[in-house]
Amino acid sequence: FISPFFGFISRFRGVPQGGRLFLADYALLGGLPTGDIGGHPQFVAAPLCLLWLSPRGDLLPVAIQLSQDPGPCSPVFLPGGPGWALAKLWVRGAHFVLHEMVT
């Protein structure tokens, strides 16, 4: 998962990285059974989200993969790129589902 981001992460070279990169892994959601609403199947992603702690203390997403399995069917979304806003929405939904499962 991390290797496609090396080019993107290299933009942060001037910023000390010690302990500033985090991976939010929602693997527990993989294969989770879902139901239907109004006859339409529902889906839950099991994303990987790479986060960066800025010097100001903001935790910012810098890369998202919506599947646990890398490959051509599981693209990596980067800030400002196509699908970025939708990928963040899927991560937020996965975070909510995981929170409800474990609390």
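**Exercise 1. Strand β4 and its partners**

Determine how many residues of strand β4 (residues 48–53) are buried in this predicted model, and which strands pair with β4.

*Solution.*
Step 1. Strand β4 has six residues, and five of them are buried, so the strand is mostly covered under the cut-off of 20% relative accessible area.
Step 2. Strand β1 (residues 21–25) runs antiparallel to β4, and five bridges join the two. Within this pairing, Asp25 has Leu48 of β4 as its bridge partner.
Step 3. Strand β5 (residues 59–65) also pairs with β4 in the antiparallel sense, over six bridges. Here Trp52 stands opposite Leu60 in β5.
Step 4. β4 and β5 form a hairpin with five residues between them. Gly57, in the turn, has a positive phi of about 95°.

**Exercise 2. Strand order in the sheet**

Establish the order of the strands in the open sheet and find its edges.

*Solution.*
Step 1. β5 pairs with β6 in the antiparallel sense over two bridges, and Ile64 stands opposite Phe77 in β6.
Step 2. The open sheet contains four strands in the order β1-β4-β5-β6, with antiparallel pairing.
Step 3. β1 and β6 are the edge strands, as each pairs on one side only.
Step 4. Helix α2 packs on the sheet and touches β4, β5 and β6. The direction of α2 makes about 100° with that of β5.

**Exercise 3. The two sides of helix α2**

Check the length of helix α2 (residues 84–102) against the expected span, then assign its buried and exposed residues to sides.

*Solution.*
Step 1. The helix has 19 residues; at 1.5 Å a residue the span should be 27 Å. The end C-alpha atoms are 27 Å apart, which agrees with that expectation.
Step 2. The buried residues in α2 include Trp84, Ala87, Val91, Ala94 and Leu98.
Step 3. These residues cover an arc of only 80° around the axis, and therefore lie on the same side of α2.
Step 4. Ala85, Leu86, Leu89, Arg92 and Phe96 are exposed on the other side of α2.
Step 5. The buried residues of α2 pack against β4, β5 and β6 (76–77).

**Exercise 4. Gln65 and Ser74**

Decide whether Gln65 and Ser74 are buried or exposed, and identify the backbone oxygens that their side chains approach.

*Solution.*
Step 1. Gln65 is placed in strand β5. Its relative accessibility is 2%, so Gln65 counts as buried.
Step 2. A polar atom of the Gln65 side chain lies 2.8 Å from the backbone oxygen of Ser67.
Step 3. Ser74 is placed in the loop between β5 and β6. With 7% relative accessibility, Ser74 also counts as buried, because the cut-off is 20%.
Step 4. The side chain of Ser74 reaches the backbone oxygen of Asp69 at 3.4 Å.
Step 5. With neighbours within four places in sequence left aside, Ser74 is in contact with Gln65, Ser67 and Asp69.

**Exercise 5. The protein as a whole**

State the secondary structure content, the order of elements, the buried share and the range of the contacts.

*Solution.*
Step 1. The protein has two helices and six strands.
Step 2. From the N terminus on, these elements run α-β-β-β-β-β-β-α.
Step 3. Of the 103 residues, 26% are buried.
Step 4. Take the contacts between residues at least 6 apart in sequence: 47% of them join residues at least 24 apart.

Definitions and conventions
Residues numbered from 1 in each chain as written. Predicted model: local features only at pLDDT ≥ 70, side-chain atom pairs only at ≥ 80, totals over all residues. Heavy atoms only, no water. Buried < 20%, exposed > 50% of the residue type's maximum accessible area, 1.4 Å probe, protein only. Pairing = 2+ DSSP bridges. Polar contact = N/O pair within 3.5 Å; in protein donor to acceptor, adjacent residues only side chain to side chain. Expected span 1.5 Å × (residues − 1). Arc of directions from axis to C-beta. Contact = heavy atoms within 4.5 Å. Axes fitted to C-alpha atoms, helices over the stretch in contact; angles between N-to-C directions.
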